[in-house]
Amino acid sequence: MRSVEDHLTLVTAAAVAPRPVRVAISEAQGLMCAEEVVTEHPMPGFDQAAIDGYAVRAVDVALAGVLAPEDLEEFDANGAELVDLEAGEPMIVSLPVVGEVGPGSRTPTRLQPRQAVRVETGAPMPTLADAVVPLRWTDGGDQRVKVGHGVESGNYVRRVGDDVQPGDVAVRAGAIIGPAQVGLLAAVGQSRVMVHPRPRLSVISVGSELVDIDRTPGPGQIYDVNSYALAAAARDAGADVNRVGIAERDASRMREVVEAQLIRSEIVVICGAVGGSASKAIADALADLGDLEIVRVAMHPGSVQGFGRLGRDEVPTFLLPANPVSALVCFEVMVRPLIRIALGKRQPMRRVIKARTIGPIASVHGRKGYLRGQLMRDERTGDYLVQVLGASPTGSSHLLAELADANCLIMVDPDVEEMSTGDEVEVAFLAQRG
């Protein structure tokens with residue numbers, strides 16, 4: 001029996017990132033950038049108002065808000081026109097308003113000394129203006145404006161190149177493109193970007209007992225759950241998924257279906273018919289495409305599984321159990337990391353934390369347990385607590401409803417068969433529930 005770690009090492013060694021492609025930035029979110037995006041123009045491209053208010057020369061409103069001196073007769077206002085001037089009170093500077101500028105204005109505006117221009121956020125700054133007085137510090141006048149608080153040069157102004165200078169790297173190769181990166185690419189005029197695309201993954205179900213969900217099962221038949229569940233898991237991991245559906249067990253037909261997917265995919269997942277003569281039949285049918293090795297992995301559920309590199313491009317190909325819970329757990333442990341590596345994720349594995357059990361846990365000795373659980377927080381201490389879903393490690397592995405209720409996998413070491421209430425255990429997050 002092969003250890004989980006050894007089998008996972010074999011699997012992840014087969015990871016290959018698809019060749020980079022250039023896509024529209026609206027399609028790039030979540031993908032890894034494959035180039036250095038260098039800015040050609042400054043951002044902002046012109047001095048602009050950072051707030052609604054009045055563009056001024058800072059020196060012209062320097063006295064605003066300063067307490068008037070006791071000796072008003074000897075006070076020199078340096079040309080500033082002051083109003084309501086009384087000793088000991090804050091001085092108010094009055095300036096004529098000579099224009100108004102809004103965002104997108106293409107007409108240059110020139111400001112003379114001791115004048116103000118009303119501006120909106122994003123408006124080009126008038127010539128000679130070096131600051132903006134926020135609207136809330138004024139009386140909002142149209143012909144003349146009274147300013148009750150001074151500003152310093154540069155206040156509330158976005159200067160040319162404050163954000164990005166020509167030659168700066170806007171997005172680096174290897175960066176995962178998120179909303180901020182998409183916004184920055186748009187801001188520097190980059191409509192398309194080179195990325196590592198999502199790996200293409202095909203899901204095939206095998207089983208004479210299977211029918212698609214748009215048909216009514218007959219005696220001895222069941223719905224094809226796996227191709228839908230595994231396709232959803234692959235999308236969640238970041239893959240571009242092709243759900244092939246149910247394939248015939250006939251050897252020649254099986255080979256045709258798999259070979260067609262090897263041409264179009266970076267990863268192929270076949271679910272069902274693991275173990276005994278059924279898995280041998282599949283391996284034999286695909287023998288001339290490569291070696292699909294059926295092994296027992298020291299994990300529970302899903303110990304019997306297959307893996308190989310098939311076709312001319314040695315595409316990683318998985319054979320997963322027919323049991324939906326076992327198939328999803330095997331996918332989580334083995335296939336998902338391969339997808340994340342192909343996407344360029346630095347941390348391909350789920351986040352793992354330690355939690356205290358709030359009840360006894362039973363596992364299978366000699367196999368690493370991946371048990372469905374509910375993770376929660378102790379409101380008093382802030383500690384993580386976890387409760388196992390399903391009492392028996394062997395009798396309830398088929399219960400898909402329990403997996404649907406789970407928000408984590410409890411990972412129990414192979415040499416541990418029982419855990420008591422309060423024991424510490426490693427837990428992998430499956431999802432954050434709102």
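In this predicted model, Cys-330 is found in helix H6, which spans residues 324-342. The residue is buried, with a relative accessible area of 0%. Leaving aside residues up to four places away in sequence, Cys-330 touches Met-299, Pro-301, Gly-302, Gln-305, Leu-320, Pro-321 and Val-335. One of these partners, Met-299, lies 31 residues from Cys-330 in sequence, and the C-alpha atoms of the two are 8.9 Å apart in space.

It is natural to ask which cysteine sulfur is closest to that of Cys-330. The closest is in Cys-271, at 11 Å, and because a disulfide calls for sulfur atoms within 2.5 Å, this pair is too far apart for a bond. The structure as a whole holds 0 disulfides. Another cysteine, Cys-33, is likewise counted as buried, since its relative accessible area of 1% falls under the 20% limit.

Helix H6 also has a place in the sheet architecture. An open sheet of 6 strands runs in the order S17-S14-S18-S22-S21-S19, with mixed pairing. Its edges are strand S17 (240-247) and strand S19 (293-296), each of which pairs on one side only. From one strand to the next, the twist averages 20°. Within this sheet, strand S21 (residues 304-310) and strand S22 (residues 315-320) pair in the antiparallel sense over 5 bridges, and Gly-308 stands opposite Thr-317 in S22. H6 packs on the sheet, where it touches S14, S18, S21 and S22, and its direction makes about 170° with that of S22. Helix H3 (residues 226-237) lies across strand S14 (200-206), S17, strand S18 (267-271) and S22, and runs at about 170° to S17.

H6 has a helical partner as well. Helix H1 (residues 4-12) packs with H6 at an angle of about 35°, their axes being 10 Å apart, and the crossing is right-handed. On the H1 side, Val-4, His-7, Leu-8, Val-11 and Thr-12 take part, meeting Val-333, Met-334, Pro-337, Leu-338 and Ile-341 in H6.

In soluble globular proteins, nonpolar side chains tend to be buried together. Here, the largest nonpolar core has 57 residues, and those with the most contacts inside it are Leu-201, Phe-318, Leu-320, Phe-331 and Ile-339. Which helix or strand gives the most to this core? That element is H6, with 11 residues. Ile-339 touches Pro-199, Leu-201, Ala-234, Ala-237, Gly-238, Ala-239, Ile-267 and Phe-331, again not counting residues up to four places away in sequence. A second, separate core of 19 residues includes Val-56, Ala-58, Val-61 and Leu-82.

Elsewhere, 3 strands form an open sheet in the order S1-S13-S2, with antiparallel pairing. Strand S1 (21-24) and strand S2 (32-33) are the edge strands, each pairing on one side only. S2 joins strand S13 (residues 192-196) in the antiparallel sense over 2 bridges, with Met-32 standing opposite His-196 in S13.

A last residue to look at is Glu-418, placed in strand S28 (residues 418-419). Is Glu-418 buried or exposed? At 66% relative accessibility, Glu-418 counts as exposed, because the value is over the 50% limit. Glu-418 and Gly-150 are 268 residues apart in sequence, and their C-alpha atoms are 72 Å apart in space.

Definitions and conventions. Residues are numbered from 1 along each chain as its sequence is written. This is a predicted model: local features need pLDDT of at least 70, side-chain atom pairs count only at pLDDT 80 or more; totals for chains, interfaces and linings use all residues. Side-chain values use heavy atoms; hydrogens and water are left out. Helices (H or I, at least four residues) and strands (E, at least two) are DSSP runs, numbered from the N terminus. Buried means under 20% relative accessible area, exposed over 50%, partly exposed in between (1.4 Å probe, protein chains only). Contact means heavy atoms within 4.5 Å. Two strands pair if DSSP finds at least two bridges between them. A nonpolar core is a set of buried Ala, Val, Leu, Ile, Met, Phe, Trp, Tyr and Cys residues joined through side-chain atoms within 4.5 Å. Axes are lines fitted to C-alpha atoms, for helices over the stretch in contact, and angles run from 0 to 180 degrees between N-to-C directions. A crossing is left-handed if the near helix is turned anticlockwise from the far one by less than a right angle, and right-handed if clockwise.
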